[in-house]
Structures are given as structure tokens and as C-alpha cells.
Amino acid sequence: MILQALDAYYRRKQADPDPARRLPAEGLEDKEIPFILEISADGTLLDITDTRRPEGKKKIGQRFLVPQGIKKTSGIAANSFWDNAEYVLGLPDIKKLDASRQKNKEHEYRARLREMHAAFREKIDRLPEDAQQDAGVRAVLAFLDGLQPTALERFPAFADIQASNPVLSFRLSGDLGLVCQRNAIIAALTGENETAPTGVCMVRNEPATIERLHPAIKGVWGAQTSGANIVSFNLDAFNSYGKAQGANAPIGKAAVFAYTTALNHLLARDSRQRIQVGDTSTVFWAEEPHELETVIPDLFGDAPSDDPDRHIQAVQALHSAIHTGKFATGGPTTRFHVLGLAPNAARISIRFWETATAEKLAERIQQYFNDIEIAHADHEPRHLSLFRLLTGVALLNRADNIPPNLGGEIMRAILEGLPYPSTLLNQAVIRCRAEQRVTYARAAAIKACLNRRIHFNRSSEKEFLPMLDPDNMNPGYRLGRLFATLEKIQEDASPGLNATIRDRYYGAASSTPAAVFSTLIRLSKHHLGKLSVPLARIREHLIGEIMGGFDADSFPPRILPLADQARFALGYYHQRQAFFTKSEPKNQEESQ
């Protein structure tokens with residue numbers, strides 16, 4: 001189903017009327033080429049063009065359509081008219097050369113280097129006679145015949161090539177495109193792949209030549225930089241009925257090219273149809289052009305610095321589309337696909353796969369934003385991105401400390417309308433207790449988890465509101481409110497304190513209330529004596545209102561289970577937010 005959906009997406013993009021948005025035709029791929037060797041018709045090297053441009057701390061090369069690359073293994077396999085400097089120029093990779101010297105195997109590496117360069121030349125020599133007569137092919141062969149690596153040193157770009165072993169290709173002087181993009185070469189290379197059917201493709205259900213090794217999928221965060229595979233059989237234990245490698249999952253060459261090209265396109269660095277959620281790379285696409293294809297990353301990701309309102313605008317557009325039943329592009333019944341991928345050694349594991357109509361998907365995403373909606377300070381973002389929610393419950397608020405699988409599990413819960421993972425609630429409570437602080441992100445995560453659990457369990461418990469709910473009688477919630485009130489009394493009585501009761505007692509108050517609340521209430525009476533009479537009465541009245549929800553015989557509870565510790569954190573947060581949004585009488589000293 002996944003491969004069939006990707007194959008259909010490739011066909012859709014191939015039929016796009018805008019050539020700039022079409023995916024490469026079969027036999028070609030979109031490849032980053034950092035350096036281009038500019039040659040004359042007689043093979044003379046005229047210049048080395050550096051196509052790279054700064055992007056953050058890195059330099060990114062320009063992308064070109066080139067003949068599809070060979071799947072690299074431990075053996076020697078050259079690409080057609082493009083490859084790294086080892087193959088194209090026979091130039092050693094500095095790192096490999098140093099490593100071979102340390103192992104006293106330099107001669108072996110240099111012998112392999114000669115074989116690699118010979119394989120690159122042989123690939124061109126095997127072209128049909130018609131292609132051999134092409135001016136570009138003759139120019140490349142003439143360049144290779146007269147190649148002297150020392151002659152390259154006069155070009156400024158050579159130092160970078162020598163240091164990084166980048167991908168290179170050729171361009172004939174006077175041409176706009178690369179040599180490998182010339183019509184004669186494309187026709188020859190795509191024609192040589194046409195062979196008789198050897199089986200039935202399980203994706204397209206038609207006779208096809210079955211692909212033995214599938215091209216690598218690149219762009220999955222944490223996977224090998226050279227790429228990894230979804231379909232792979234590299235050990236005998238994975239084979240069955242005497243079949244080897246790709247024959248165990250028979251997919252035709254055309255379908256393999258289609259699904260890998262489509263997925264690599266979705267996972268590309270500049271793709272507007274992917275987001276990174278924890279360790280899960282998530283991609284989105286529809287069966288026809290649709291607004292959600294590019295809006296979803298704006299919904300879940302952080303807004304770029306040059307457009308800080310993009311996230312808010314995306315959420316507003318989503319609410320508007322659900323309310324009106326209309327999308328800017330595409331209809332409500334359009335089928336939508338979401339695929340979550342994560343690294344697993346040399347393979348890629350499927351974290352989740354969801355197919356739904358655009359309308360249903362939009363409703364589930366809107367429900368997520370309703371779940372995490374909570375009162376917050378004016379300077380904090382109106383809508384929390386999923387990344388900020390995840391880092392908010394991680395140690396030191398760092399993305400590296402987000403628990404494994406958590407991002408994928410949350411995304412699956414959002415897209416399939418399932419309860420949020422227990423890990424999210426546990427992490428939020430643990431971080432609140434460890435740091436003695438309930439933040440915007442943690443409170444939002446706690447509220448979302450508790451409300452989704454109440455809804456799915458069809459519990460009689462009242463769902464939590466975004467703001468303070470004085471009518472909520474849950475003991476954990478009211479204890480959190482009481483703790484926030486006692487802290488505020490202390491702050492009012494002694495302005496400018498470096499530390500409050502929260503810094504010393506939050507952990508105990510939220511887990512073993514009976515151990516500390518008697519002491520805290522006794523201390524509050526001392527603090528109340530320092531307040532102005534009107535303010536002291538307001539605070540005493542609030543304490544009485546909160547305490548009125550407890551049974552005198554059971555207050556304070558001896559322990560609070562984890563779920564009630566979460567309610568404690570939410571009650572504390574709500575009450576603190578209420579203090580900063582209400583207008584109250586000032587202390588006597590301030591009013592004089």
C-alpha cells in the first residue's frame with residue numbers, strides 16, 4: 001500500500017503541467033553536483049565551476065538531472081558521466097589515503113583507485129556507437145585520455161576537490177546543460193535498461209523486469225548518509241523459497257524507480273512536505289494537489305525567522321477550512337497519506353502510516369491544537385509547535401534528549417485520533433518535579449494527555465479547560481491551586497525573594513502532600529500578617545474556597561499517583577496564570 005501510494009504520487013508529479021515541478025523521468029535522478037569540469041571539444045580543461053552556495057554553516061551544490069546512479073556496495077561500480085573524484089579523476093580521498101597509510105595498505109588503496117577510474121572510463125566506452133559519435137562523449141574521452149592530475153592544481157577549486165572527494169560532472173564549452181544531459185546520451189542510457197519481463201510487479205500488478213537492488217532512500221534523519229532501504233534482503237536468513245535479494249519482494253524496475261524517486265523528493269532538504277518530529281522523519285502527500293500538502297509542516301514546525309507569523313497563519317487557515325468545508329486547493333474528500341520513517345541500521349523502519357480524507361485529517365489536527373490550548377503569558381507563542389512541545393518535556397529542553405520513539409508516537413496519535421502516549425505525560429510530570437517548575441509546554445502536554453484520556457475512557461471526570469476552572473473538584477487539581485496560592489502569599493509578603501516554597505517543596509507537595517502541606521499552611525498565616533487587610537482577606541477567601549472542596553478527614557492526601565501529580569501541576573499552572581491576569585488590591589505599603 002505504501003509503495004503503491006508513492007508510485008501513484010510519482011505518476012501524478014510526472015503529469016504536472018509545470019516542468020519545474022515534475023519529477024525526473026525514468027532513468028534519471030536529481031543530483032547535487034558541487035563541481036563541474038568545463039571542457040572544450042578537444043578535451044582541454046578550461047575551468048572548474050564551483051556550484052555551491054552558502055546555506056547556514058554548509059555549502060550546498062546546485063542540483064542537476066543526471067543518469068540514475070548505481071547502487072554502491074563494497075565493490076567497484078561507476079556512474080555514467082558523473083561520480084566522485086576517485087572515479088572521475090582517479091584522485092585519492094585524503095581521509096582514505098591517510099587511513100591506508102596507517103594500516104600499511106597504501107598500495108592496495110592506490111590499486112583500487114586505478115580500478116575505480118578505469119571502471120568510470122569503461123562505462124563510457126560501453127555506450128553504443130551512435131552515442132560514441134556525440135561531441136560531448138568525444139570531449140570527455142579526450143579529457144580522460146590526456147588527464148594529468150597535476151594539471152588541475154592551477155584551478156582554485158582543486159583544493160576543495162582534493163580535500164572532500166566531491167561529486168563531479170562535465171560540461172562542454174558553449175552548452176548550458178551537462179554532457180550527461182545531451183539527448184544522445186540520455187537515449188543510450190535509458191535504452192540499455194530495457195529488458196524482457198522476469199516476473200510480475202507486486203506494485204503495478206503487471207509483467208516487469210524485477211529489480212534486484214533498490215536505490216537508497218536519503219534524507220531520513222539519523223540514517224546512514226549514503227542512504228538506507230525500505231525493501232532490502234542482504235542476509236540468507238531474510239530470504240525464502242530459494243530467492244535472493246529483491247526477488248523476495250518482486251517489484252519492477254519502473255515501479256522501484258518511481259517509489260524511490262518520489263520518496264527522495266519528499267525527503268529532500270528543501271521539501272515543503274516533510275517535518276522532523278523527534279527521531280521520526282514524516283512526509284505528507286495527497287492523491288491530487290491539495291493545500292494540506294504544504295500547510296502541515298507549517299502547523300507542526302517552527303515558523304522561520306523571516307516569517308514568524310507563518311505558524312499562526314497556518315493554524316488559522318486550518319480552522320477556517322474546517323469551518324467552511326473548503327480548502328484553497330483540493331477538496332475535503334481528497335485522500336491524504338502520511339508516512340513516518342526512522343533509521344534502523346542500514347534499513348528504514350516504518351513508524352506509522354496513515355491514510356485519510358483531507359477533511360478527517362484536518363479535524364484531527366485541529367483537535368490536537370484544541371488539546372494543547374492553555375492560558376499563557378502574552379510574550380509566549382499563541383500556538384505551540386510540536387517541536388516546542390517535545391523539547392519542553394525533554395531534559396534541559398534539548399532536542400537531543402527527546403525520548404526515542406516519542407515524536408513518532410505523538411504524531412501517530414494526532415493523525416489517527418488516538419490517546420497520546422503515556423510517555424508524554426510521564427515526561428511532563430517528571431520534568432516539572434525535577435526542575436520545580438511548570439512551564440507553558442509542560443502544562444499544555446499534561447492538559448492534552450489528561451483530556452484525551454478522559455475522552456477515550458468515557459470517564460465521568462470533567463475535562464480540563466484552557467484556563468482556571470474553580471469548579472473542578474479533583475483533589476490533585478485543587479492541591480495544585482492551593483500550593484500556587486500559598487506561594488503567591490509568600491511572594492506578596494516578601495517581594496523580590498530569590499526562592500519561594502516552590503523551589504523547596506514542589507516535589508514533595510505534588511507527590512506526598514501530607515508531608516508538607518500542614519507546614520505550608522502554618523507558614524502562610526505568618527505571611528498573611530504582612531499583607532494589607534484587603535489583600536489578606538482576598539487570599540484567605542481563596543484558600544477557604546479551595547479547601548472547601550476537600551473532606552476534612554482526608555486532607556491532605558498521603559500520596560498522589562502519577563495522574564493526580566499531573567492534575568496538581570495543571571492546577572498550579574492555572575492558578576498562577578490567573579494571578580497574573582486578574583486585577584487585585586495591592587499591598588498596604590504600595591497603596592500609601
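How many bridges join β12 to β13, and which way do the two strands run? Six bridges join them, and the strands run antiparallel. Before going on: this is a predicted model, so everything here is computed from predicted coordinates.

I'll stay with β13 for a moment. Seven of its 10 residues are buried, so the strand is mostly covered. On the β12 side, Val283 has Leu339 of β13 as its bridge partner. β13 also pairs with β14, residues 347-357, again antiparallel, this time over 10 bridges. One of the partnerships there is His337 with Thr355 of β14. β13 and β14 make a hairpin with two residues between them. Ala345 sits in that turn and has a positive phi of about 55 degrees.

Next, a helix that packs against these strands. Helix α9 runs over residues 253-266 and has 14 residues. From first C-alpha to last it reaches 20 Å, close to the 20 Å expected at 1.5 Å a residue. Of those 14 residues, 10 are buried. Among them are Val256, Phe257, Tyr259, Leu263 and Leu266. What do the buried residues of α9 pack against? The list is α1, β1, β11, β12 and β13. That puts both β12 and β13 among the packing partners of α9.

Now to another set of strands. β2, residues 35-39, has five of its five residues buried. Phe35, Leu37 and Ile39 point one way from the strand, while Ile36 and Glu38 point the other way. Glu38 is buried along with the rest. β2 pairs antiparallel with β3, residues 45-50, over five bridges, and Phe35 has Asp50 as its partner in β3. These two strands also form a hairpin, with five residues between them. In the turn, Gly43 has a positive phi of about 90 degrees. β2 has a parallel pairing as well, with β8, residues 167-172, over five bridges. There, Ile39 stands opposite Leu172.

Another acidic residue to look at is Glu86, in helix α2, residues 85-89. Is Glu86 buried or exposed? Its relative accessibility is 1%, so Glu86 counts as buried. The side chain makes a polar contact of 3.2 Å with the side chain of Lys96. Beyond its neighbours within four places in sequence, Glu86 is also in contact with residues including Asp93, Tyr109, Met116, His117 and Asn165.

On to the nonpolar cores. As a general point, nonpolar side chains in soluble globular proteins tend to be buried together. The largest core here has 90 residues. The residues with the most contacts inside that core are Leu299, Phe300, Ile365, Leu386, Ile446 and Phe483. Helix α16, residues 440-456, gives the largest share, at 10 residues. Taking Ile365 as an example, and not counting residues up to four places away in sequence, Ile365 touches Ile296, Leu299, Phe300, Leu318, Ile414 and Leu415. A second, separate core holds 48 residues, including Ala78, Leu144, Ala157 and Ile161.

Now the aromatics. The structure holds 17 aromatic pairs. In one of them, Tyr506 and Tyr572, the ring centres are 5.8 Å apart and the planes sit at 75 degrees. Angles over 60 degrees count as edge-to-face, so that is what this pair is. Tyr506 is in helix α18, residues 501-511, and Tyr572 is in helix α21, with their positions 66 residues apart in the chain, so to speak: the pair links distant parts of it. Both tyrosines are buried. They also belong to one aromatic cluster with Phe483, Phe517, Phe550, Phe555 and Phe568. Phe483 appears in the core list too, among the residues with the most contacts.

I'll finish on α21 itself. Helix α21 covers residues 562-581, 20 residues in total, and spans 29 Å against an expected 28 Å. Of the 20 residues, 16 are buried. Gly571 is one of the residues in α21, and its relative accessible area is 0%, so Gly571 is buried. Which residues does Gly571 touch, leaving out those up to four places away in sequence? They are Tyr477, Gly480 and Arg481. Gly571 and Pro470 lie 101 residues apart in sequence, while their C-alpha atoms are 9.6 Å apart in space.

How values were computed: Residues numbered from 1 in each chain as written. Predicted model: local features only at pLDDT ≥ 70, side-chain atom pairs only at ≥ 80, totals over all residues. Heavy atoms only, no water. Helix = DSSP H or I, 4+ residues; strand = E, 2+ residues; numbered from the N terminus. Expected span 1.5 Å × (residues − 1). Buried < 20%, exposed > 50% of the residue type's maximum accessible area, 1.4 Å probe, protein only. Contact = heavy atoms within 4.5 Å. Polar contact = N/O pair within 3.5 Å; in protein donor to acceptor, adjacent residues only side chain to side chain. Pairing = 2+ DSSP bridges. Core = buried A, V, L, I, M, F, W, Y, C linked by side-chain atoms within 4.5 Å. Phe/Tyr/Trp six-rings, centres within 6.5 Å; stacked < 30°, edge-to-face > 60°.
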